[in-house]
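Here are a few short exercises to work through with the structure open beside you. Try each one before you read its solution.

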Amino acid sequence: MLASFGAATLASYLIVSGILLVIGIIGFLVRRNLIVMFLCTELMFQAAAIAFVAVGRYYLDYSGQVMVIFILTVAAAEAALALALVVFMHRQRDSLDPDVYGELAE
Amino acid sequence: MNAVHLMLQTLIATPAVQVSELVHQVTPNWAQFILWLPLISLVLCGVCAALKVKSKAPALITIICLASSFVLTLMLYLGYESAQVIPIFDWIQVKWSGGSFIANFALYVDSLTLLWMRFVTGLGTPIAIYSLEYMEHAIGKGYARFFAGVSVFLFAMSCLVMGDNLLMLYLGWEGVGFASYWLIGYFYQRPAAVAAAKKAFIVNRIGDLGLALAIYLIWSTFGTIQYDEIATIFASHQEDAGSFASFGGWTVHAIPYLLMLAAFGKSAQLPLYVWLPDAMEGPTPVSALIHAATMVTAGVYLIARTYPFFQLDDYALPTVAWVGGLTALLAATIAMAQYDIKRIMAYSTVSQLGFMFLGLGVLSSYGAAYHVFTHAFFKAVLFLTCGAIMHGFAGQLDLRKVSGLRKMRGWKIVSYTMLVGCLCLAGFPFTSGYFSKDAILAEAFVTPGHGFVVLGWMAIFTAGLTAYYTFRVWFRVCCGPQHFEAGDELHGEDPASFRPHPPRLAINFVLIAIASGAILAALPYFMENETTGLKGGWVAEMVNDSPAKKGVPSASTTHLAGDDAAHHGSILGMDPHKAMYYISAVVGMIGLGIAFFFHLARREAADTLRSNLLARRATRWLPTAMENKWYVDEFYIAVIRTPLWILGKLFALIDRGIIDGLLVNGIAGLPRSVAKWFSPLHNGAVQSYGVSMVGGAALVILLMMYMTEIMSFLQSTLFGGMP
């Protein structure tokens, strides 16, 4: 499958996408810093984007790429909001450990 | 549906019947103000209460309105010729092809109405004057409320007595019940007063049910509830029970008994008399006006008004007579052993009402009406003197604790007006009570059958007891050595230096006025009869022109000779009417003599007798039972109240446990208890949410990937043997 570098198949793209997703998930679950956790969610976004592009190319369908444009837009908006929140939270509690904000439940 | 439709159609199509069609004479339209004046007084008293008036204004308003009402009644009496309808306004007018239901707000004035209205308004006015002074401690607090209650009562009572149909009577009937509840519960801070008010109301409801059912049956059987139309129907059937068979079976027999139930409730007869003694928790003028003189005679009025119905069933009037006679005896025995003078008077009222029903039952509606009339005066005097004593001795009512009133300063009028009342109640010769009671007692021996002779002797015995307990009060309280103990309503006075407050102008004036009324009430007996062949004086004249005329003595039937004498009955070989004058005088004197011996000459003998009776096992029950009112209240509590209470508790348990607990709260609690299992997941740690999301996603992916395998596995395990 990886024999010829130039002939990358759909599977290779999906594998990369999967690896990115898993790295994102693990990072989100184990890191104790809100900024890093947030970066990990971005990683998961990109995993999805790669999968979309690859599958769209495979079926010769542009809607995959259209989806990616949407994802980038949403991700940009979400990043702006999330970073603002992170800054604000840091000012409030002087910490970015997620456990500090546990009382937000209910 | 069809009938209702038809009804509505005819309602729209035919114009309502004009009341004026029923009127035969020039109608004195001003008569309606007999009704409206108390209502105006009620409204003005309400205004006084709202403005927090701190003067005697409410009393003056009420006195003026009631006095005007009385004057109008007298005018109506003087201008009276024959029964007539005075329309006020059309109230209920429903007609359809098969019949009609008409109840106008109109007055029906016949002589029975006038007889009643004369003492209702005639006693209402002086008692309001009496209350002007008696209630003065409540000025600015409950003064307006009291007079508003009296006004409501007078309005409702006028409605009851003057109404043109049974529905108006029912309106007044409920109205007086409500006024009675209002005034018994006047001292609403006292639990006993509240309990008594509730008891009076609830016991009266039982009777009211009878009246409601009776009115319904009368309407469904005779097609009308208007007095004049009922009279026409009875006139066309010659009051013959047989010819009423066309009205259909059981209803004509049920009507008198239902009316009886109503009368026994309102007039405190067996088995519904228990509320009246407790009603003494109200202010004394109320006891005098409502619970002695007027309201409680509504039952007698009802039966007199519907007398023809009682001839429809052979046993209806004998039942009335027996209930009345037994109540009279029972209440008299209870009155003998009480110490609270107001309570003695209350039982005496029950007992005298029993005499009235006895009179109705033995076909002496004349005697009953006359006794109502005289009793209203002398019992009002007795209650008002009790009130004066209670007022002057800070609520003291125990006859052992006040003595020698006659010789105390300022109490002469009270003592001697009380003596007048006592003489009348005891049936002392040539007092008003003597004539009215004799008319009833004699008739018990005249009317044949149904054990009336036994009842007659029983009533004579009761008359003796009456004389005894009446003079027990008078000899104890007014005679003997001077001595008193103050009651517990001192209004801040020191009990050690307490001096009785003798009554002032208003109370003394009213006592003298009503006592004179009680003496003069003997006069109607001597009045010449205008109608030929009638005897019994003015009252007989009044009753003769009413539905109760069957019970009026006429010269032709009471003085029979020859063969007819056998039907006439006799006592000890004499004519009952003549014999009764001697017998009842002797019996009254014996009762009076016994009272004189035990309560004036040798007071300690009464206590010795009581302790002797209590000491012996064989006689112990007698004083115990009499002092405890024959345990009737306890019996009712055991037989009626306790089972109902248990049932109520049971229903409360079902309501609280099954309806509230299981159904309402159970269903509401279900989501919460389910949520409890999952709530630990919601712990506030962001990353644990992440774990559950990932885990969930993984589960979904696994399910999607292995769906076919899972399905076939499930199939093979669950439906293993099947192909």
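## Exercises on a predicted model

Please keep in mind that this is a predicted model. As a starting point, the domain assignment of chain B lists domain 1 (320-486 + 502-526 + 571-627) and domain 2 (683-723).

**Exercise 1.** Find the distance that separates the centres of domain 1 and domain 2 of chain B.

*Solution.* Begin with the bounds: domain 1 of chain B is given as 320-486 + 502-526 + 571-627, and domain 2 as 683-723. Then take the centres over C-alpha atoms; 97 Å separate them.

**Exercise 2.** Decide how far helix H11 (residues 284-293) of chain B is enclosed by the rest of the structure, and name helices that cover it.

*Solution.* Step one is the cut-off: a residue is buried if 20 or more other C-beta atoms lie within 10 Å of its own. Step two is to apply it along the helix, where the buried residues of H11(B) are Thr284(B), Pro285(B), Val286(B), Ser287(B), Ala288(B), Leu289(B), Ile290(B), His291(B), Ala292(B) and Ala293(B). That makes 10 of the 10 residues, so H11(B) is largely enclosed by the rest of the structure. Step three is the cover, which includes helices H4 (111-134), H5 (143-162), H6 (166-184), H10 (275-278), H15 (341-361) and H16 (365-392) of chain B.

**Exercise 3.** Locate the cis peptide bond from Leu270(B) to Pro271(B).

*Solution.* First, a reminder: most peptide bonds are trans. The bond from Leu270(B) to Pro271(B) is cis, with omega near 0°. Now place it: Pro271(B) sits in the loop between helix H9 (251-266) and H10 of chain B.

**Exercise 4.** Asp94(A) has a positive phi, and Ala394(B) has one too. Work out where each residue lies and whether it is exposed or partly exposed.

*Solution.* Take Asp94(A) first: its phi is about 60°, although it is not a glycine. Asp94(A) lies in the segment after helix H3 (63-93) of chain A. With 8 other C-beta atoms within 10 Å, Asp94(A) is exposed.

Next comes Ala394(B), also not a glycine, with a phi of about 55°. Ala394(B) belongs to the loop between H16 and strand S3 (402-403) of chain B. Its count is 19 other C-beta atoms within 10 Å, and Ala394(B) is therefore partly exposed.

**Exercise 5.** How far apart are Glu493(B) and Ala394(B), in sequence and in space?

*Solution.* Place Glu493(B) in the loop between strand S4 (483-484) and helix H20 (505-520) of chain B. Glu493(B) counts as partly exposed, with 13 C-beta neighbours inside 10 Å. Along the sequence Glu493(B) and Ala394(B) are 99 residues apart, while C-alpha to C-alpha they are 9.4 Å apart.

Conventions: Residues are numbered from 1 along each chain as its sequence is written. Chains are lettered from A and ligands numbered from 1 in the order in which they are written. This is a predicted model: local features need pLDDT of at least 70, side-chain atom pairs count only at pLDDT 80 or more; totals for chains, interfaces and linings use all residues. A residue is buried if 20 or more other C-beta atoms lie within 10 Å of its own, exposed if 12 or fewer, and partly exposed in between; C-beta atoms are placed from the backbone. Helices (H or I, at least four residues) and strands (E, at least two) are DSSP runs, numbered from the N terminus. Two residues are in contact if their C-beta atoms, placed from the backbone, lie within 7 Å. Domain bounds come from an automatic or database domain assignment.
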